[in-house]
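Work through these exercises with the structure open beside you. Try each task before you read its solution.

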Amino acid sequence: MAQNEAPDHSAPAEQLFAAIGLLRRHTRRRVGRPWPETPLTGSQVELVRLLRRRPGTSVAEAAAALGLAANTVSTLVRQLTDAGLIERVPDESDRRVARLALTDDARAQVERWRDRRNIEVAAAFDGLSAEDRKAIESAVPAITRLAGALHPDQAGPSDQEVAR
């Protein structure tokens, strides 16, 4: 590499996206989707997953956590409310703010799907060499920090959130 030439970090980025894409696709093929009869968009799934982890989140808080515009999250909320997956609950201290939560049926469905997904991935993980398992375990915090660095206006997700 020439002295003034910057290192090319695009190869690891491409490899990371390819690996994560394969992991998601192969897991989805083995486990299916949480709502096969009502396919959700990627953004809708992310909102559902956020509300599973943090029930009572407001639209503004969800927008910040997902890195989306508040009006985009409002649209997702309307779509998911119409589908019977989430509900709005008025905030006790400020009636102008709606708190979001999964409906009981949606929570049960996403928990069953998450359990199936975790069982499949854990079984595959257990089949890896000890060296591969250790490499993956040690890479998760760095990948979490990388995700946070891509959205510098907010703190990245905690290691605990990623593990869920």
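Two strands count as paired if DSSP finds at least two bridges between them. Keep that cut-off at hand for the sheet. The model is predicted.

**Exercise 1. List the secondary structure elements and give their order along the chain.**

Solution. Start with the totals: the protein has seven helices and three strands. Then read from the N terminus. The order is α-α-β-α-α-β-β-α-α-α.

**Exercise 2. Work out the strand order of the sheet and the sense of its pairing.**

Solution.
Step 1. Take strand S1 (residues 57-58) with strand S3 (residues 98-102). Two bridges link them, in the antiparallel sense. Thr57 has Leu100 of S3 as its bridge partner. Ser58 is matched with Arg99 of S3.

Step 2. Take strand S2 (residues 86-90) with S3. They run antiparallel and are joined by five bridges. Within S3, Ala101 stands opposite Glu87.

Step 3. Apply the cut-off of at least two bridges. S1 and S3 have two bridges, and S2 and S3 have five. Both count as pairs.

Step 4. Assemble the sheet. The three strands form an open sheet in the order S1-S3-S2, with antiparallel pairing. S1 and S2 are the edge strands, each pairing on one side only.

Step 5. Add the helix. H4 packs on this sheet and touches S2 and S3. The direction of H4 makes about 115° with that of S2.

**Exercise 3. Describe how helix H2 packs against helix H4.**

Solution.
Step 1. Locate the helices. H2 covers residues 42-53 and H4 covers residues 70-82.

Step 2. Get the geometry. The axes lie 10 Å apart, at an angle of about 80°. Angles of 65 to 115 degrees count as roughly perpendicular. H2 is therefore roughly perpendicular to H4.

Step 3. Find the contact residues. H2 supplies Ser43, Gln44, Leu47 and Val48. H4 supplies Leu76, Val77, Gln79 and Leu80.

Step 4. Sort them by class. The contact of H2 with H4 has five nonpolar and three polar residues, and no charged ones.

**Exercise 4. What share of the residues is buried, and what share of the accessible surface belongs to carbon and sulfur atoms?**

Solution.
Step 1. Count burial. Of the 164 residues, 24% are buried. The cut-off for buried is under 20% relative accessible area.

Step 2. Turn to the surface. The accessible area of the protein is about 11,000 Å². Carbon and sulfur atoms account for 54% of that area.

Methods:
Residues are numbered from 1 along each chain as its sequence is written. This is a predicted model: local features need pLDDT of at least 70, side-chain atom pairs count only at pLDDT 80 or more; totals for chains, interfaces and linings use all residues. Side-chain values use heavy atoms; hydrogens and water are left out. Axes are lines fitted to C-alpha atoms, for helices over the stretch in contact, and angles run from 0 to 180 degrees between N-to-C directions. Helices (H or I, at least four residues) and strands (E, at least two) are DSSP runs, numbered from the N terminus. Angles under 35 degrees count as roughly parallel, over 145 as roughly antiparallel, 65 to 115 as roughly perpendicular and the rest as oblique. Contact means heavy atoms within 4.5 Å. Ala, Val, Leu, Ile, Met, Phe, Trp, Tyr, Cys and Pro count as nonpolar, Asp, Glu, Lys and Arg as charged, and the others, Gly among them, as polar. Buried means under 20% relative accessible area, exposed over 50%, partly exposed in between (1.4 Å probe, protein chains only). Accessible areas come from the Shrake-Rupley method with a 1.4 Å probe; for residues, only the protein chains shown count as cover.
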